[in-house]
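Colleague: I should be grateful for some guidance on how to read a structure that is new to me. May we look at it together?

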Amino acid sequence: MAPTAAQLSWLRRLLFLLALLPLARVVWLGTEGRLGANPIETITRASGDWTLYFLCFTLAITPLRRLTGQQWLLKLRRMLGLFCFFYASLHFLCFLWFDHFFDLAEMWKDVKKRPFITMGFSAFVLLIPLAITSTAAMQRRLGRNWARLHRLIYLIAVLAIVHFWWMRAGKNNFGEPIVLGTIVALLLGVRLVFRWQAARATARSLAVELSAKDPG
Ligand code: HEM
């Protein structure tokens, strides 16, 4: 029950609009003056949360595709990944601009005071090459290296969870980091199961081939 090209195109448009809703909500609350006592903190946190959610949505595509057999889901992955990068860029911009007004010395002081920022920064830097090479043309050009490069997403997911966990550890508030950490662990763990199944299938077919060649 794969969608037709026209249905997929509508689905993409709908997904694009839905993905912009968190940004629209913050802009709307901002214009209404309803961003709370600390608007910068609200914006930084909302953009950080949505970066992490889009990272999870992106990582969920492969398991969903494998479990349901719906290959077309892969066609949504690039957009989800780019929205992860988009919200990460907004999150970083909030820190750079609203929090520190591009003052590098102040930023450095803050990083020393709150070392969890380095984890988020590393995750963001690693997202850049993935966003740049996300096009079909780049995928063709890089060949097998494209898949190798894009495996960085696993490291990015781990860094993002450490960043979130470490930030909340300072506040002794582990509820959400535990939930998101478990989701990320499941999304990465299921890939190990797929690999193990593929290795077993290869070993089995090799054994069948060998016994066919040498039945005695
Ligand atoms: C993939 C990249 C990143 C992800 C997934 C991410 C995610 C998050 C999340 C989920 C939070 C907590 C929000 C909450 O409490 O609800 C957060 C907070 C924060 N992040 Fe990131 N982040 C990333 C990159 C960065 C970068 C590049 C910086 C700055 C250089 C940064 C600086 C911060 C700061 C300062 C906070 C704390 C905000 C506060 O205390 O008000 N993050 N991030």
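Colleague: In which loop does phenylalanine 102 lie?

Modeller: This is a predicted model. Phenylalanine 102 belongs to the loop between α3 and α4 (104–113).

Colleague: What is the phi of phenylalanine 102?

Modeller: The general idea comes first. Most residues other than glycine have a negative phi. In this case, the phi of phenylalanine 102 is positive, near 60 degrees.

Colleague: Is phenylalanine 102 buried or exposed?

Modeller: A residue counts as exposed if 12 or fewer other C-beta atoms lie within 10 Å of its own. Phenylalanine 102 is exposed because it has 8 other C-beta atoms within 10 Å.

Colleague: Where is asparagine 172 placed, and what is its phi?

Modeller: Asparagine 172 is found in the loop between α8 and α9 (175–213). Its phi is positive, about 55 degrees, although asparagine 172 is not a glycine. Asparagine 172 counts as exposed, since it has 6 C-beta neighbours inside 10 Å.

Colleague: Let us turn to the ligand. Which residues around the ligand come nearest?

Modeller: There are 23 residues around the ligand, and of these Gly48, Gly120, Ala123, Phe124 and Ala160 come nearest. Two or more residues of the shell are given by each of α2 (39–68), α3 (74–99), α5 (116–132) and α8 (152–169).

Colleague: Which element gives the most to that shell?

Modeller: The helix α2 gives the most, with 8 residues.

Colleague: How many residues of each class does the shell around the ligand have?

Modeller: The shell has 14 nonpolar, 6 polar and 3 charged residues.

Definitions and conventions:
Residues numbered from 1 in each chain as written. Predicted model: local features only at pLDDT ≥ 70, side-chain atom pairs only at ≥ 80, totals over all residues. Near = placed C-beta within 6 Å. Helix = DSSP H or I, 4+ residues; strand = E, 2+ residues; numbered from the N terminus. Nonpolar A, V, L, I, M, F, W, Y, C, P; charged D, E, K, R; others polar. Buried ≥ 20, exposed ≤ 12 C-beta atoms within 10 Å, placed from the backbone.
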